[in-house]
Amino acid sequence: MEALFLESISLPSPIKLNAQPYHCTRSANWCFSSHYNVSTASKNNKLKPVCCLNSENARSVKALPSHVEGLSYVLTKEDMMTLNNVAERDTTGKLMEKDSSDGIGIVKCLSGKVLFITGATGFLAKVLVEKILRTIPDVGKIYLLIQAKDNEAALDRLKNEIINKELFKCLQQTHGRFYQAFMSTKLIPVAGNVCESSDLGIHPSLVNEIASEVDIIINSAATTTFDERYDVALDINTKGPSRLLSFAKKCNKLRLFMHVSTAYVNGKREGRILEKPFSIGDNLAKEIARKSKTHSGSYQMLDIEAELKMALNARESFGDDEATQKMKEMGLERARNFGWDDTYEFTKAMGEMLLNKTRGDTPVVIVRPSIIEGTYKEPYPGWIEGFRMLDPLVLWHGRGRLTGFPVDSNGVFDVVPADMVVNAMVAAASSKLSSMRLRSGIDVYHVASSAVNPLGTEDLFGFSLEHFKTFPYKNSKGMPTNIEKLKLFNSVEDFNSHIEGVGETSTGSTSQRFKKKLIEQSKHLAKIYQPYTFYKGRFDNTNTQKLIDKMSEEERKSFGFDVRSIDWKDYICYTHLPGLRRNVLMGR
């Protein structure tokens, strides 16, 4: 078993420690074991931290105080994954509490750590990378898994889609002419794909390097299309995390595996939904029926391997012309059969199940954001890339193309800004590294607003109306578009009747072909958004709130994610929508 020898440590006698190594420099760790007793008396009554280098060379730092006695202990690899607090005993031998003003110790925890991040060119991962490099510049290398044919192509994508993006302008200003050099030393592009079964398709020359260096793996790769092809969604969202976990188990220094999921893995659950992990085979349809006391007959057990085989066989049986549509229909049908609303949330839930089943003693953190939208404050307010979930609705309304929509008028949209999600991820990772709880356990965090600061559906469209009345969208001729309050419908069927009636009675120069296309698009939006516009669940965030409570005041300022602080009118009217128009619609 891999071990690290500790020398020169002074301890009272006898003693059992519960403390974890934490990074103090780029090459050294303060090391303590949680599972050994010291029977040798010491002249010094305080526990002295011993700074040791990494396990590859297993040396101890020589520059120690002269009064510290030389004792030797062996730390196993498991011992090296314990707490990040330097515990001390007073003169009576009683353990002294860690100074709460230190908070979690986020910067200290992550300084020097080497990360491996998937989905690196995605919206959320970019915000994460920027945040880490800006606030923790002493972080070690960050390997970025990028889908590309080779490392040269991955490097091109890194430059074009990350390094040269406006998102990183704060870092550009900080480092000036040394910006490119700084980024090239920190960010290492890795050509690969979570859909590849053999070491994620990474070139063999890089596999050993990554496996010997990485401390933290963060999985942000996913397909977020609600009605994705079933086979595609299973490959990425369900099998992808498991493939990455298999790779993680080859990483000798790995201390944490973080998986970005979605709060909507909770499917058709209603009421207050707790932050609990899934177990293999969980069937939400059965769970919901039992709670509502409508349970009758038997429910099919969710067998993930059977689902994978079913999707593979179906794909091979369909002709090329019909495969895409048939596979989409299959995904929606299977999801609803087991108590989920769509293929996206169903396959993400199965991905969580497989992680929990196969994690072994790997420390796992699952972060479940709700609807992620543009940044709240960092690196600057309103940064967004591409259309997120809410954006098609509010933009169609703002452009006058949507006069009504099926929405629960008493419902909420559970929205959270991207920078708050990233801050929660950084805090959760650091907390796991420094936690006195079970190291190999699984922690789940909802980063969501519906339970503590809900954004009402009527409020959202009211704020949208106010914004576009004040700053109207201009058509191709430069003329402002006049819009009215969105009419809300209690069902998709009522909305469809309304939109067809509008199409039949509307006049003007708009062609009938365009009207027909608009009607079909509106119906499609109504259908795929129905599970979210009529959602009855509220995501409990007790674990997330406890995480906030552990943070110091300084950490809350630098890594804030308390959604209770959001003023929704200000965010929607003056941050998110202006950012969306500036970054996605190019100022229109």
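Asp 199 sits in the loop between β12 and α6 (204-213), and its backbone is a little unusual: phi is near 50°, a positive value in a residue other than glycine. Keep in mind that this is a predicted model. Leu 200 lies in that loop between β12 and α6 too, and it also has a positive phi, about 60°, although it is not a glycine. How exposed or buried are these two residues? Asp 199 has a relative accessible area of 22%, so it counts as partly exposed, with the cut-off for buried being under 20%. Leu 200, at 1% relative accessibility, counts as buried.

Now follow the loop back to β12 and into the sheet. Here 7 strands form an open sheet, in the order β12-β11-β10-β13-β14-β16-β21, and the pairing is parallel. The edge strands are β12 (187-191) and β21, each of which pairs on one side only. Going from one strand to the next, the twist averages 20°. As a reminder, strands of a sheet pair through backbone hydrogen bonds, either parallel or antiparallel.

Let's start at the β12 edge. Strand β11 (residues 142-146) runs parallel to β12, and 5 bridges join the two. If you want a landmark for the register, find Leu 145: its bridge partner in β12 is Val 190. Helix α3 (residues 151-163) packs on the sheet here, touching β11 and β12, and its direction makes about 130° with that of β12.

Moving across to the other end of the sheet, have a look at β16. It pairs with strand β14 (residues 256-260) in the parallel sense, over 4 bridges. Phe 257 has Val 364 of β16 as its bridge partner. β16 also pairs with strand β21 (residues 442-447), again in the parallel sense, over 6 bridges. In that pairing, Pro 369 stands opposite Val 447 of β21.

How many residues of β16 (residues 364-369) are buried? The count is 6 of its 6 residues, so the strand is mostly covered by the cut-off of under 20% relative accessible area. In a regular strand the side chains alternate between the two faces of the sheet. You can see both faces covered in β16: Val 364, Ile 366 and Arg 368 are buried on one side, and Val 365, Val 367 and Pro 369 are buried on the other. Arg 368 is worth picking out when you click through the strand, as one of those buried residues. Helix α11 (residues 343-358) lies across β14, β16 and β21, running at about 165° to β14.

Another residue to find is Asn 541, in the loop between β24 (537-539) and α17 (542-550). With a relative accessible area of 8%, Asn 541 is buried. Leaving aside residues up to four places away in sequence, Asn 541 touches Glu 275, His 446, Ala 448 and Val 452. One of those contacts, His 446, brings you back to β21, which covers residues 442-447.

Next come two helix pairs. The first is helix α12 (residues 391-398) with helix α14 (residues 457-470): their axes are 10 Å apart and they pack at an angle of about 45°. That angle makes α12 oblique to α14. The crossing of α12 past α14 is right-handed. On the α12 side the contact is made by Leu 393, Val 394, Leu 395, His 397 and Gly 398, and on the α14 side by Leu 460, Phe 461, Ser 464, Leu 465 and Phe 468. Sorted by class, this contact has 7 nonpolar, 3 polar and no charged residues.

The second pair is helix α9 (residues 304-317) and helix α10 (residues 320-337), with axes that come within 11 Å and cross at roughly 155°. Why is α9 called roughly antiparallel to α10? The crossing angle makes it so, since angles over 145 degrees fall in that class. α9 passes α10 in a right-handed crossing. Glu 307, Met 310, Ala 311, Ala 314 and Arg 315 of α9 meet Met 327, Met 330 and Arg 334 of α10. These residues divide into 5 nonpolar, no polar and 3 charged.

Finally, go to the loop between β17 (371-373) and α12, where you will find Pro 379. The peptide bond leading into it from Glu 378 is cis, with omega near -5°.

Terms used
Residues are numbered from 1 along each chain as its sequence is written. This is a predicted model: local features need pLDDT of at least 70, side-chain atom pairs count only at pLDDT 80 or more; totals for chains, interfaces and linings use all residues. Side-chain values use heavy atoms; hydrogens and water are left out. Axes are lines fitted to C-alpha atoms, for helices over the stretch in contact, and angles run from 0 to 180 degrees between N-to-C directions. Angles under 35 degrees count as roughly parallel, over 145 as roughly antiparallel, 65 to 115 as roughly perpendicular and the rest as oblique. A crossing is left-handed if the near helix is turned anticlockwise from the far one by less than a right angle, and right-handed if clockwise. Contact means heavy atoms within 4.5 Å. Ala, Val, Leu, Ile, Met, Phe, Trp, Tyr, Cys and Pro count as nonpolar, Asp, Glu, Lys and Arg as charged, and the others, Gly among them, as polar. Buried means under 20% relative accessible area, exposed over 50%, partly exposed in between (1.4 Å probe, protein chains only). Two strands pair if DSSP finds at least two bridges between them.
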